[in-house]
Amino acid sequence: MSRVRWHAGAGLLTFGALGCFACSAPVICRSDSELQHGASVSSAQLSGSMLLSAAGDTESFYLDVALAGLPKLWPSSSAIKNADLGLSVALAYTKPPVGGDGLTEMPRVQMGFDRQPGTTTSSFPSIAKGTEQQLFGDCALGGEYCCAFGSEQCHGRLQVTLQRLDGAPFPPVQVAWTVGASATTDSCPQDLGSPTLTLTSEAP
Amino acid sequence: MSQARAPGAALLHPIAPFSLLVLLVNDHWLKHTHPGMLSGKLSDFATMLLLPVLLHALFELGYAFSKGHAPPPLLSNRALLASIALSGLVFGLPEVWKPAETAYCYGMAALRWPFRAIAALLTGHALPEYRRCAATADLSDLLALSSAYVAWRIAHRGPVERAPRRTRRAHAPFGVCVLFAIWSYSAHASASSSRPYEHDGFFFDFALGPELIYVHSPASASNGFRQPIASTATALARGGLLELGGTLRGLGLVFGGGIGYAQADDPIVSTLGQRFELSGAQFSVVSLEAFTKYYPDPKAGLHLGVSLLFTGLELSGVSGKQLRGPGLALGAGYAFWLARQWSLGLDARLMAAGLNGDSVPGRSLLLMPGVFATIACH
């Protein structure tokens with residue numbers, strides 16, 4: 001009987017030890033980052049303008065995007081929940097009527113990244129027209145501007161191209177562009193990373 | 001086989017109809033005209049190849065009929081593994097366990113009777129008697145379990161080269177089959193001299209209980225060991241163990257093989273000076289083992305055990321790495337007799353393993369102490 005008691009006691013002790021070892025930690029991180037609150041960061045916006053006079057006129061410039069301060073320890077899926085670059089353009093004639101009111105016909109302008117055909121402005125533009133490029137996806141899934149798992153900083157260089165599609169009888173048009181980047185990152189525990197996003201432009 | 005194969009089309013692989021032909025020719029001609037070892041084994045190999053492929057094809061066709069499309073490759077492969085395991089049990093257990101042999105014979109008789117009855121009615125004879133088959137246990141028949149590997153090769157979906165991890169995992173049931181085949185020799189050798197209320201003869205043990213999973217790794221446990229960042233993880237797991245074996249007469253020594261599985265939710269990870277709970281993640285541990293247990297007094301319940309293991313660990317639900325490696329387990333326990341051959345007991349066990357993974361730096365240490373409620377037939 002004493003042997004039975006000894007075994008029962010040992011069993012209870014082991015259960016207690018297991019319970020102690022596995023007690024809850026104060027911080028909870030979710031394995032599915034979709035359910036986890038992310039931190040959003042944005043870059044400063046860059047802007048500029050160019051004159052496109054005739055059909056086929058093309059201007060381009062480079063953008064460098066850098067996402068730094070990513071957590072040293074990545075969550076199971078990715079530390080970058082999403083990241084994108086937004087480009088918008090507004091058109092105006094150099095002489096009145098300047099247009100851009102939704103009533104004045106204007107030449108169409110195509111905007112795109114890395115010489116890929118992108119968005120085209122309408123013939124009667126009223127508001128700034130934009131396009132987006134996704135950045136820093138999972139390199140395991142491919143993609144041009146991917147970010148390798150575990151990186152503490154990621155970098156992408158994109159070429160922005162603006163091309164006038166329609167020529168005469170439209171006069172020269174001033175194209176004002178604005179570009180900005182934003183990202184949502186996931187870090188748990190939160191103090192393992194402090195992300196920053198910078199954007200710089202450079203003429204080709 | 002490509003992923004685009006039609007549901008059930010593995011049955012059309014040249015090896016499958018060839019096996020059917022072998023089965024028919026052997027059972028209806030060769031066994032009668034040239035009885036011997038070759039004819040005795042041919043049908044076993046053909047059956048162990050055809051049965052899982054047939055069960056798997058029925059699953060795929062049933063799925064396609066009900067859902068309107070072929071099952072996804074992962075599900076299809078799991079169904080194939082289940083078919084192989086089921087076929088292995090139906091085929092192998094009667095060779096080593098008398099009750100299973102009896103059940104097999106009555107089951108086969110029940111399956112055959114309708115056909116014999118139809119034949120009798122068509123030929124104007126009286127309905128036949130229900131007659132159980134005659135079976136002779138022959139342990140060398142277990143060699144036919146190796147055909148299951150061929151069944152896997154011809155029926156699984158997805159190329160082997162592109163999924164080495166899954167393929168290696170799929171080798172586990174074949175390891176179990178091999179262990180089962182090897183150790184059942186000793187079980188069979190001593191089963192005939194089994195005495196009531198004594199730990200001798202055939203050994204079967206099923207254990208369930210809580211285990212602690214402790215992992216210390218040079219890689220990051222929280223994202224499936226994908227980064228070279230040292231970490232420690234602990235979790236409370238639900239564990240289970242199935243063991244089969246046999247006893248060496250007069251020594252109280254049991255030898256056998258088994259398979260263990262443990263699963264733990266929400267592990268607690270310590271790394272980079274932080275400690276956090278990884279909610280929604282699961283650690284899964286699978287181990288194949290060859291064990292020996294020692295009963296100092298074969299009539300009493302106290303026993304000590306040692307096992308050699310091959311263990312796999314992964315963090316489920318993330319696209320992480322699987323760690324694998326050898327291990328050792330030490331255990332002790334006590335069992336109380338419930339009936340002439342059955343006992344209920346409590347076992348304590350400590351398992352330790354050194355694990356490695358593809359592209360994972362260094363060796364990870366896995367420690368798993370646990371307490372199990374056991375039920376054993378001995």
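**Exercise 1. Backbone outliers**

Locate F136(A) in chain A, then state its phi and whether it is buried or exposed.

*Solution.* Start with position. F136(A) sits in the loop between strand 8 (129-134) and strand 9 of chain A. Strands (E, at least two residues) and helices (H or I, at least four) are DSSP runs, numbered from the N terminus. Next, the backbone. Phi of F136(A) is near 55°, a positive value in a residue other than glycine. Most residues other than glycine have a negative phi, and most peptide bonds are trans. Last, exposure. F136(A) counts as buried because its relative accessibility is 3%. The classes are buried under 20% relative accessible area, exposed over 50% and partly exposed in between (1.4 Å probe, protein chains only).

This is a predicted model: local features need pLDDT of at least 70, side-chain atom pairs count only at pLDDT 80 or more, and totals for chains, interfaces and linings use all residues. Residues are numbered from 1 along each chain as its sequence is written, chains are lettered from A and ligands numbered from 1 in the order in which they are written, and side-chain values use heavy atoms, without hydrogens and water.

Now do the same for D266(B).

*Solution.* D266(B) lies between strand 3 (253-265) and strand 4 (268-271) of chain B, in the loop. Its phi is near 50°, again positive in a residue other than glycine. D266(B) has 31% relative accessibility, so it counts as partly exposed.

**Exercise 2. Cis peptide bonds**

Which residues of chain A are joined by cis peptide bonds, and where do the prolines P97(A) and P169(A) lie?

*Solution.* Take P97(A). A cis bond links P96(A) to P97(A), with omega about -5°. P97(A) is in the loop between strand 5 (80-93) and strand 6 (109-113) of chain A. Then take P169(A). A cis bond links A168(A) to P169(A), with omega about 15°. P169(A) is in the loop between strand 9 (154-164) and strand 10 (173-185) of chain A.

**Exercise 3. The open sheet of chain A**

Trace the strand order of the open sheet, then place strand 6 of chain A within it.

*Solution.* Five strands form the open sheet, in the order 7-6-9-4-11 (chain A), with antiparallel pairing. Strands pair if DSSP finds at least two bridges between them. The edges are strand 7 and strand 11 (196-202) of chain A, each pairing on one side only.

Follow strand 6 of chain A. Towards strand 9 of chain A, the antiparallel pairing covers 5 bridges. There F113(A) stands opposite V160(A). Towards strand 7 (residues 119-120) of chain A, the antiparallel pairing covers 2 bridges. M111(A) has T119(A) as its bridge partner. These two strands form a hairpin with 5 residues between them, and D114(A) in the turn has a positive phi of about 50°. Strand 6 of chain A is largely enclosed by the rest of the structure, because 4 of its 5 residues are buried.

Move on one strand. Strand 4 (residues 58-68) of chain A pairs antiparallel with strand 9 of chain A over 10 bridges. F61(A) has V160(A) as its bridge partner.

**Exercise 4. Helices of chain B**

Find the kinks in helix 1 and helix 3 of chain B, and check the span of helix 3.

*Solution.* Helix 1 (residues 15-33) of chain B has a kink of about 50°, centred on N26(B). The bend at a residue is the angle between axes fitted to the seven residues ending there and the seven starting there. N26(B) is one of the buried residues of helix 1, which also include V22(B), L23(B) and L30(B).

Helix 3 of chain B has a kink of about 25°, centred on L89(B). Check the span. The 24 residues of helix 3 (residues 73-96) should span 34 Å at 1.5 Å a residue, and the end C-alpha atoms are 34 Å apart, which agrees. The expected span is 1.5 Å times one less than the number of residues.

**Exercise 5. Strand 6 of chain B and the largest cavity**

Identify the pairing partners of strand 6 of chain B, then describe the lining of the largest cavity.

*Solution.* Strand 6 of chain B pairs antiparallel with strand 3 of chain B over 13 bridges. In this pair, G260(B) stands opposite S287(B). Another 13 bridges join strand 6 to strand 7 of chain B, also antiparallel. Here E289(B) stands opposite L309(B).

Turn to the cavity. The largest has a volume of about 150 Å³. A cavity is a set of points on a 1 Å grid over the protein atoms alone where a 1.4 Å probe fits but cannot get out; lining residues have an atom within 4 Å of a point. Grid points are joined across faces, edges and corners, and the volume is the space filled by probe spheres set on them. Of the 21 lining residues, those closest to the centre are E243(B), K293(B), G331(B), D347(B) and R349(B). Strand 6 (282-294) and strand 7 (303-316) of chain B are among the elements that give two or more residues. Strand 7 gives the largest share, 5 residues.

Notes
1 Å grid on protein atoms, 1.4 Å probe; cavity = no way out; pocket = protein on both sides within 12 Å on 5 of 7 lines; lining within 4 Å.
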